[in-house]
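Q: Could you take a close look at the aromatic pairs for me? I would like to know how they are arranged and where their rings sit.

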Amino acid sequence: MNIGLLNKQLSYQTPTVTLDDYGSPTTTWSTVATVWAAKAPNRRATDLERFLEATGRERQRTQYTLTIYFRTDITVEGRFLDGLIPLDILQVVDPDNRRRWLEINVKELDPLPVVLGLTGQPLGL
């Protein structure tokens, strides 16, 4: 992996589940780390997406492969955040078992809602 290809800054988040006043579980996400990654479309998923589009079926979510420096805290329970777009982790792989890089297969989810203040600027980001 060429280090110059790690040109996308992403936030890694982990979930915390708490119970509200009525006993219903509520998930909140906390940023654990900010990492530099190479982000490439997953070729097989892209081909499937084109096929489904051509046949008039429901569009699948775009899938990507992220490559980052090796970390031990990345799991499929977490997610990455690319701006306002959450990326759900599908698989985490150490491709050569040398603990240098991680290849992470992710699926793009719906963008997070943005709350605008009185000036029209996003709040809390």
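A: Happy to; here is a walk through the aromatic pairs, one after the other. This is a predicted model, in which local features need pLDDT of at least 70, side-chain atom pairs count only at pLDDT 80 or more, and totals for chains, interfaces and linings use all residues. Residues are numbered from 1 along each chain as its sequence is written, and side-chain values use heavy atoms, with hydrogens and water left out.

The structure holds two aromatic pairs. Rings of Phe, Tyr and Trp (its six-membered ring) pair if their centres lie within 6.5 Å; planes under 30 degrees apart count as stacked, over 60 as edge-to-face and the rest as tilted.

Tyrosine 12 and phenylalanine 80 make a tilted pair, 5.3 Å centre to centre with 50° between the planes. Tyrosine 12 belongs to strand β1 (residues 8–19) and phenylalanine 80 to strand β4 (residues 79–82), so this pair ties together parts that are 68 residues apart in sequence. Strands here are DSSP runs of E, at least two residues, numbered from the N terminus. Tyrosine 12 is buried because its relative accessibility is 0%, and phenylalanine 80 is buried at 0% too. Buried means under 20% relative accessible area, exposed over 50%, and partly exposed in between (1.4 Å probe, protein chains only).

Tyrosine 69 and tryptophan 101 form a stacked pair, 5.0 Å centre to centre with 15° between the planes. Tyrosine 69 lies in strand β3 and tryptophan 101 in strand β6 (residues 101–108), so the pair ties together parts that are 32 residues apart in sequence. Tyrosine 69 counts as partly exposed because its relative accessibility is 43%, whereas tryptophan 101, at 12%, is buried.

How values were computed. Helix = DSSP H or I, 4+ residues; strand = E, 2+ residues; numbered from the N terminus.
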